[in-house]
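Trainee: I've got a new model open and I'd like to learn how its labels are earned. Can we go through them one by one?

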Amino acid sequence: MESAENLENKKKWAALCQVADFFIPIFMQPEWLDSVCAHTDNWQVLLEIDSNNNICAALIINLENKNFYSRISAPHLTPHAGIWFREKLFKQRHESNYYRKKIISSLIERIPKATFTEIRLLPQNADAQPFFWNNYELNVRYTYRLNIENNRALLLKNMNDNTRRNIKKGVENYNLSVDFSIEYFTKLLDATFNRQNKTSSVSKDVWLRLEQNAHLTPQRLIFFAADKLTKAPEAAVYVVFNSETAYYVAGGCTEEGRKKGALYFLLWQAILNVPGAIKAFDFEGSMLPTVEPVFRGFNAEQTPFLVVRKTKNI
């Protein structure tokens with residue numbers, strides 16, 4: 001059962017997320033977390049509130065308890081848990097560094113005890129010293145981000161030859177479609193895992209909850225590559241976005257789609273079709289050696305982020 005404190009924190013956090021002046025990543029917003037967490041009371045938000053009653057920082061915690069084992073980790077499809085800072089409250093640099101460390105330390109003190117803890121920080125969270133001082137392991141992971149403020153023709157020109165060839169192949173073979181259901185998307189996702197003799201860790205129920213959440217519908221795109229001859233969908237991508245960044249969450253394709261450039265085609269179409277005010281396209285999940293060259297081929301910039309871990313934090 002959720003504590004009264006966490007329910008109150010969620011209420012305050014939800015109110016702040018509705019204020020347009022603040023850039024809060026979609027993965028830290030209540031509607032997303034309610035959809036991707038196994039139970040809505042699994043996620044908590046730790047808030048740092050200043051003397052003027054302003055929320056100045058937040059960290060999302062997803063805690064799951066199974067028998068005698070407790071685990072803090074990222075919910076499904078969620079690359080980062082924070083720490084979000086209310087940047088306007090940090091003025092001069094020397095003051096900013098001091099107060100950020102103080103805030104991070106305060107948040108760490110309130111992380112629930114768990115058998116295993118893993119927290120993925122936002123790329124802009126370069127300072128993880130307070131975690132290190134509190135006996136957390138620091139690990140570096142990478143994503144790839146593409147600046148899409150440039151002229152779109154220039155983006156295409158800056159891609160490598162193989163990426164441009166695959167996009168051209170996809171354009172020749174497919175029409176872009178949004179007319180298929182989420183069930184078609186999950187089938188194409190399963191086709192990709194089946195080809196690798198693997199099973200997706202994300203259940204169909206999670207995708208259905210995301211689709212049924214009306215608050216998230218204006219912040220997502222599901223694109224399908226429909227074969228020009230058969231009209232059948234052979235690939236799909238799922239993209240979410242907020243005011244500054246679009247994120248490639250997942251994609252899948254048939255064996256025919258893989259051969260005919262379907263995913264390259266869809267990623268390029270997603271870049272072209274996200275709202276014009278968005279500055280960056282984040283490919284997410286770029287640690288696999290078979291996937292990394294695909295994202296790098298779009299001329300996206302390798303972007304590090306920190307993952308902090310602790311075992312037996314009890």
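Mentor: Sure, here come some questions about this predicted model, each with its reasoning.

Trainee: Let's start with the overall build. What makes the radius of gyration agree with a compact globule?

Mentor: A compact globule of 314 residues would have a radius of gyration near 20 Å, and this protein has 20 Å, so the two agree. Along the principal axes, the C-alpha atoms fill a box of roughly 60 × 45 × 35 Å. Inside that box you'll find eleven helices and twelve strands.

Trainee: How do you know that H7 and H8 meet, and which residues are involved?

Mentor: Contact takes heavy atoms within 4.5 Å. On the H7 side we have Ile182, Glu183, Phe185, Thr186 and Leu189, and they meet Lys204, Trp207, Leu208 and Glu211 in H8. Sorted by type, the residues of this contact come out as five nonpolar, one polar and three charged. The helices, H7 at 182–195 and H8 at 204–212, pack at about 145 degrees with axes 10 Å apart. The crossing is right-handed.

Trainee: What makes an empty space a cavity rather than a pocket?

Mentor: A 1.4 Å probe fits in a cavity but cannot get out, whereas a pocket is open. This structure holds one cavity of 30 Å³ or more, and the largest cavity has a volume of about 80 Å³.

Trainee: What lines the largest cavity?

Mentor: There are 13 lining residues, with Ile60, Asn62, Ser73, Ala74 and Ala81 nearest the centre. Strands S2 (55–66) and S5 (114–120) each supply at least two residues of the lining. By type, the lining divides into seven nonpolar, four polar and two charged.

Trainee: Now the backbone. Which residues does the cis peptide bond join, and what is omega there?

Mentor: The bond joins Gly82 and Ile83, and omega is about 5 degrees. Ile83 sits in strand S4, residues 82–85.

Trainee: And what makes Asn67 worth a look?

Mentor: Asn67 isn't glycine, yet its phi is positive, near 55 degrees. Most residues other than glycine have a negative phi, and most peptide bonds are trans. You'll find Asn67 in the loop between S2 and strand S3 (69–72).

How values were computed: Residues numbered from 1 in each chain as written. Predicted model: local features only at pLDDT ≥ 70, side-chain atom pairs only at ≥ 80, totals over all residues. Heavy atoms only, no water. Axes fitted to C-alpha atoms, helices over the stretch in contact; angles between N-to-C directions. Helix = DSSP H or I, 4+ residues; strand = E, 2+ residues; numbered from the N terminus. Left-handed = near helix turned anticlockwise from the far one by under 90°. Nonpolar A, V, L, I, M, F, W, Y, C, P; charged D, E, K, R; others polar. 1 Å grid on protein atoms, 1.4 Å probe; cavity = no way out; pocket = protein on both sides within 12 Å on 5 of 7 lines; lining within 4 Å. Points joined across faces, edges and corners; volume = space filled by probe spheres on them. Rg over C-alpha atoms; globule rule 2.2 N^0.38 Å.
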